[in-house]
Amino acid sequence: MAKKSWGDMTPMQKNIVVVAGIVEVAVTAWCARDLKERPADLVRGPKLLWGPALSVQPLGPIAYLVWGRKR
């Protein structure tokens with residue numbers, strides 16, 4: 001499947017892309033704040049490695065929420 005340029009997208013597709021981008025940025029910011037404020041003993045693995053992992057979109061923030069935080 002060939003990539004579509006922004007001009008080739010329908011208004012609905014453009015809206016989906018924009019909303020997905022906003023959600024991605026919001027979840028990443030939430031995870032970064034949580035990581036910063038959470039004590040190291042409540043994080044699985046080194047906090048210094050989770051920071052860069054959050055930049056791997058969208059898997060980093062999802063992995064942090066699912067596996068990185070201790071309950």
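# An aromatic pair, a nonpolar core and three salt bridges

The structure holds one aromatic pair. Its members are Trp50 and Tyr64, and because the ring centres lie 5.6 Å apart with the planes at 70°, the arrangement is edge-to-face. The pair links distant parts of the chain: Trp50 belongs to helix H2 (residues 47–53) and Tyr64 to helix H3 (residues 59–68), with their positions 14 residues apart in sequence. Both Trp50 and Tyr64 are buried. It should be said at this point that the model is predicted.

The two aromatic residues also lead to the interior of the structure. Trp50 and Tyr64 are members of the largest nonpolar core, which has eight residues. The other members are Cys31, Leu35, Val43, Leu54, Ala63 and Leu65. Helices H1 and H3 each supply at least two residues of this core. Which helix gives the most to this core? That helix is H3, with three residues.

One member of the core, Leu35, shows how parts of the chain come together. When its neighbours within four places in sequence are left aside, Leu35 is in contact with Val43, Lys47, Trp50, Gly51, Leu54 and Tyr64. Among these partners, Val43, Trp50, Leu54 and Tyr64 belong to the largest nonpolar core as well.

Helix H3 may be considered next. Its buried residues are Gly60, Pro61, Ala63, Tyr64, Leu65 and Gly68. Against which helices do the buried residues of H3 pack? They pack against H1 and H2. Ile62, another residue of helix H3, has a relative accessible area of 45% and therefore counts as partly exposed, since this class lies between the limits of 20% and 50%. The C-alpha atoms of Ile62 and Asn15 are separated by 22 Å, and the two residues are 47 residues apart along the chain. In the loop between H2 and H3 lies Pro58. The peptide bond that runs from Gln57 to Pro58 is cis, with omega near -10°.

Attention now turns to charged side chains. How many salt bridges does the structure hold? There are three salt bridges. One of them joins Arg33 to Glu37, with the closest N and O atoms 3.1 Å apart. Both residues lie in helix H1, four residues apart, which is about one turn of the helix. An α-helix has 3.6 residues a turn, so residues three or four places apart point the same way. Are Arg33 and Glu37 buried or exposed? Arg33 counts as exposed because its relative accessibility is 56%, and Glu37 counts as exposed because its relative accessibility is 55%.

The remaining salt bridges share Asp34. The side chain of Asp34 meets that of Arg38 at 2.9 Å, N to O, and meets that of Arg69 at 3.6 Å, N to O. The pair formed with Arg69 links distant parts of the chain: Asp34 lies in helix H1, whereas Arg69 lies in the segment after H3, 35 residues apart. Asp34, Arg38 and Arg69 are thus linked in a network of salt bridges. Asp34 and Arg38 are both buried. For Asp34, the relative accessibility is 17%, so the residue counts as buried. Arg69 counts as buried because its relative accessibility is 15%.

Helix H1 also carries residues on the surface. Ile22 is found in this helix, which spans residues 11–37. Together with Trp6, Val17 and Val18, Ile22 makes a nonpolar surface patch of about 380 Å². Ile22 is exposed because its relative accessible area is 54%, and the limit for that class is over 50%. Gly21 lies in helix H1 too. With a relative accessible area of 31%, Gly21 is partly exposed. Gly21 and Arg44 are 23 residues apart in sequence, and their C-alpha atoms are 27 Å apart in space.

The main elements can be drawn together as follows. Helix H3 has buried residues that pack against H1 and H2, and the edge-to-face pair of Trp50 and Tyr64 joins helix H2 to helix H3. Asp34 in helix H1 is paired with Arg69 in the segment after H3, while Ile22, also in helix H1, contributes to the nonpolar surface patch.

Key
Residues are numbered from 1 along each chain as its sequence is written. This is a predicted model: local features need pLDDT of at least 70, side-chain atom pairs count only at pLDDT 80 or more; totals for chains, interfaces and linings use all residues. Side-chain values use heavy atoms; hydrogens and water are left out. Patches are made of residues with over 30% relative accessible area and no salt bridge: like charges are joined within 9 Å, nonpolar side chains (Val, Leu, Ile, Met, Phe, Trp, Tyr) within 5 Å. Accessible areas come from the Shrake-Rupley method with a 1.4 Å probe; for residues, only the protein chains shown count as cover. A salt bridge is a side-chain nitrogen of Lys or Arg within 4 Å of a carboxyl oxygen of Asp or Glu. Buried means under 20% relative accessible area, exposed over 50%, partly exposed in between (1.4 Å probe, protein chains only). Rings of Phe, Tyr and Trp (its six-membered ring) pair if their centres lie within 6.5 Å; planes under 30 degrees apart count as stacked, over 60 as edge-to-face and the rest as tilted. A nonpolar core is a set of buried Ala, Val, Leu, Ile, Met, Phe, Trp, Tyr and Cys residues joined through side-chain atoms within 4.5 Å. Contact means heavy atoms within 4.5 Å.
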